[in-house]
Amino acid sequence: MNSQQNSRKYILIVTVMLILAVVYLIKLFSLQVVNKDYAEAAKNNALRQITEHPDRGLIYDRNDSLLVFNDAAYDLMVVPKELRTFDTLDLCRILDITKEELETRIEKASAYSKIIPSLFAQQMSKEDYGYLQEKMFKFPGFFVQTRTLRSYPEAVAAHILGYVGEVSEQTMEDDPYYKMGDYIGISGIEKAYETELRGVKGQRVVLVDVNNREIGSYHNGEEDVKAVPGTALWSTLDLRLQRYGEQLMQNKRGSIVAIEPKTGEILCIVSSPGYDPNLLVGKDRSKNYRMLLMDSIKKPLFNRALQAMYPPGSTFKLANGLIAQEEGILTANTIYPCPGGYQVGSHKIGCHHSGPTNLMSAVQHSCNTYFCKAFYNIISNKSKYKTIQQGYTAWREHIMKLGFGTTFDTDLPYEKKGILPSADYFDRVYLGHWNGNSVVSMGIGQGEVCVTPIQMANMLAVIANRGYYVRPHVIKAIGTKDHLNTQYMDKVNVDIKPQYFDPIIEGMEMAATAGTARGAQIEGIRVAGKTGTAQNPHGRDHSVFALIAPVDDPQIVVFCLVENGGWGASVACPIASLIAELYLTGEVKRKAVEENMLNLSLK
């Protein structure tokens, strides 16, 4: 009986062992033959996660001309934990770096993370990539990652388009989207619309063999995530006008800002000297940036349209003419005598005009005396304000409503406010004892007041619209051309009655037909203009001009300032009128004027 029981136990044990053996054999067969994933994993020693960087959104002009697109580039990445002994001299030769620099980069990557890929060499060309790709088996721990670079079909609008650069540590801390080696908009449209332009990253998971070569997707790409390209933008810029403006400003310093007054859309915005935006792309970007930054004479990175602060000169008289009417100081027909200047103690502010002058004539001939008296009477109006401080503060509030002394806070990064001192400032300067004559030069755009070109162009839009402006901006539509950018469409009322703009515009038109701005005339178009000469303590005065056209239905306003250009009528006036002529007629017929401005050098 015991013998039979032992026999049964033996048979049972053998049977169980056979069953287990069969199960293990089946599993082993499945692993090695049936399941190709494990077969591949056996041949390989790593899974690699590769970030798919999305194409940044394209940028177009208002007429669908491409301003910014993307070109292929390649980054060399390193995973410190996967590094093995490799030929450092060969890699240094390929990348054109020193051994010390190679070691520094590896140390920096290791400090960031030993397992997360870090950028080692950025923006390699297709040629360098092709050469390196053949030798990747010699460099374990390294791999190449594709990305795109910005490219510019025309070397224009660098200041307003902006550029991208490597993300900072602070940004990575603030926004988990960004990782070491990522790029971000640094200035211009690239900065203002970074969220829209950047897109969404994707990811590929690939199998890598012992020779550091990719041999296929993991799980047939089931775990891959496609990158989502950035959103396209349609700018308000007119490429043809922008290109022409930059040509006119060649070999000159200064700015042109042209705006469509009804919408606040910037048609062209020129800062000169400028630079080719393609310089800040590719592996030479850092070197080129340092070169541009160190140019202390031309200052090509400085955006004069948004950041340069100038005395506005006589163009500021337009604002004071409006405020004087709103404050009840004068009407269009108020006459002030002009004896050839305005006397302040022993000092005389000269005026090239003389004789009895009403408001329209004062604008036409840019009468200093008239606007000094108007300004003095505004801030010294004792029937309305008990103190000079109250009168000046009321004037200053009017000026700020016109867009001065503040920023527009639109898609124009790094705007400057300009300089518009408060009454407290003058109390400190004059120890509380000052009057209208102490600051009277501000009435003609001199003295302590400084403005930016974008602010002056906006004031012209206010005049053209007879009492309101739409904040200046440079992006018209987002995603599709029909999807309008609605965040900058509200009208800003400046609290000056519409009828007060009529004599100002009439005087500006008189200036263009029989006054200081005769050079602004365009055949078949009614033009309103105002010259200005802004004092410059460092050399020749700046040439300034303000233009509105056509007078009966304004489609464009242009403000132009040319540093060291002298009289407003000499340089800024013809440049501004050429811009308006091209935009309104589609061609420039005044070839002699055009040639003079293109060839004029004021280096």
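This text goes through a predicted model, from its domains to a sheet, the helices on that sheet, and some backbone details.

The protein is split into domain 1 (3-35), domain 2 (47-235) and domain 3 (239-599). Between the C-alpha centres of domain 1 and domain 3 there is a distance of 94 Å.

Consider next an open sheet of 5 strands. Its strands follow the order 12-11-20-19-18, and the pairing is antiparallel. Strand 12 and strand 18 (528-534) form the edges, each with pairing on one side only. On average, neighbouring strands of this sheet are turned by 5 degrees against each other, when direction is ignored. Strands of a sheet pair through backbone hydrogen bonds, in either a parallel or an antiparallel arrangement. Here, strand 11 and strand 12 are joined in the antiparallel sense over 7 bridges. Serine 255 has serine 271, in strand 12, as its bridge partner.

Two helices can be placed against these strands. Helix 19 (residues 501-514) packs on the sheet and touches strand 18 and strand 19. The direction of helix 19 makes about 80 degrees with that of strand 18. Helix 20 (residues 572-585) lies across strand 11, strand 12, strand 19 and strand 20. Relative to strand 20, helix 20 runs at about 150 degrees.

The loops hold several backbone details. Most peptide bonds are trans, and most residues other than glycine have a negative phi. Against that background, the bond joining serine 272 and proline 273 is cis, with omega about 0 degrees. Proline 273 is in the loop between strand 12 (265-272) and helix 11 (285-293). A cis peptide bond also leads from alanine 549 to proline 550, where omega is near -20 degrees. Proline 550 sits in the loop that runs between strand 19 (542-549) and strand 20 (556-562).

Which way does phi point, positive or negative, at asparagine 251? It is positive, at about 65 degrees, although asparagine 251 is not a glycine. This residue belongs to the loop between helix 10 (239-248) and strand 11 (254-260). Asparagine 251 counts as partly exposed because its relative accessibility is 35%, and that class lies between the limits of 20% and 50%.

Lysine 299 likewise is a residue other than glycine with a positive phi, near 50 degrees. Its place is the loop between helix 11 and helix 12 (304-307). With a relative accessibility of 45%, lysine 299 is therefore classed as partly exposed.

Note on methods
Residues are numbered from 1 along each chain as its sequence is written. This is a predicted model: local features need pLDDT of at least 70, side-chain atom pairs count only at pLDDT 80 or more; totals for chains, interfaces and linings use all residues. Side-chain values use heavy atoms; hydrogens and water are left out. Domain bounds come from an automatic or database domain assignment. Helices (H or I, at least four residues) and strands (E, at least two) are DSSP runs, numbered from the N terminus. Buried means under 20% relative accessible area, exposed over 50%, partly exposed in between (1.4 Å probe, protein chains only). Two strands pair if DSSP finds at least two bridges between them. Axes are lines fitted to C-alpha atoms, for helices over the stretch in contact, and angles run from 0 to 180 degrees between N-to-C directions. Contact means heavy atoms within 4.5 Å.
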